[in-house]
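Here is a short report for a reader meeting this protein for the first time. Start with the picture, then read on.

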Amino acid sequence: MSTRHENTKEHLLETGRQILSCHGFGSVGLSTLLKEAGVPKGSFYHYFQSKEQFGEALLASYFSQYLAEMDAIFGVRGASGRELLLEYFSRWQERYGDCLVIKLGAEVADLSDAMRMTLEAGTDRVVKRLARAIDAAIADGSLPAKDSQVLAVNLYQLWLGAGLLRKLNRDQAGMEATMQLTRHLLDSPAA
């Protein structure tokens, strides 16, 4: 596959991410996406057989980038595991409140089983990364011993819920309370 084609595919995915983050999956037609991307319809169908397949690829691309960012945060040397976890959630507070999981999760779960499974696989990978980061913090002594898998699931659900409420309320205030609760959950003897 030539670089030009790969760039076109990535351009479609990036344009789709920007549009769908604002407007959702169902309300954005293919013609809107193609017009915004400046790509002819034939080029779209060269890469994707359908809008649903495009949605799967978009979500897979989103998770790939998101997981790479998590790895970069948790791979920093010289900081405690607790500090790295707090850095991750601090970045979520700043950057990920409008993430595609929050925006598209409920919408596409009933529209497309394939997209639902892509979301499920991606969120499972996020939770596993969080559990590994919690295990590392326990190992370095910066967190008390606890069930890392349970805590990872609880924290992820907490932040997804906070992100959804932020969208509904159009208010950032609840995110600081979520950060305070996160600190409490990380520092408590059992979670």
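A nonpolar core is a set of buried Ala, Val, Leu, Ile, Met, Phe, Trp, Tyr and Cys residues joined through side-chain atoms within 4.5 Å. Buried means under 20% relative accessible area, exposed over 50%, and partly exposed in between (1.4 Å probe, protein chains only). The largest such core here has 56 residues. Leu12, Phe54, Phe74, Leu85, Tyr88, Val126 and Leu130 have the most contacts inside this core. Helix H4 (residues 51-74) gives the most to the core, with 10 residues.

The model is predicted: local features need pLDDT of at least 70, side-chain atom pairs count only at pLDDT 80 or more, and totals for chains, interfaces and linings use all residues. Residues are numbered from 1 along each chain as its sequence is written, and side-chain values use heavy atoms, with hydrogens and water left out.

**Overall build**

The protein has nine helices and zero strands. Helices (H or I, at least four residues) and strands (E, at least two) are DSSP runs, numbered from the N terminus. The C-alpha atoms fill a box of roughly 55 × 40 × 25 Å, taken along the principal axes. Of the 191 residues, 43% count as buried. Contact means heavy atoms within 4.5 Å. Among contacts with a separation of 6 or more, 70% join residues 24 or more positions apart.

**One helix, two sides**

Which residues of helix H2 (residues 30-37) are buried? They are Leu30, Leu33, Leu34 and Ala37. Seen down the axis of H2, these buried residues fall within an arc of 95°, so they line one face of the helix. The arc is that of the directions from the helix axis to the C-beta atoms. An α-helix has 3.6 residues a turn, so residues three or four places apart point the same way. On the other side of H2, Ser31, Lys35 and Glu36 are exposed. Just after H2, Gly38 takes a positive phi of about 70°.

**Two residues side by side**

| Residue | Helix | Relative accessible area |
|---|---|---|
| Arg125 | H7 (residues 113-139) | 42%, partly exposed |
| Thr182 | H9 (residues 173-187) | 0%, buried |

Arg125 and Ser64 are 61 residues apart in sequence, yet 9.9 Å apart in space, C-alpha to C-alpha. Thr182 touches Phe89, Leu155, Leu158 and Trp159, not counting residues up to four places away in sequence.

Back in the core, Tyr88 is in contact with Tyr66, Met70, Ile73, Phe74, Val126 and Leu130, leaving aside neighbours within four places in sequence.
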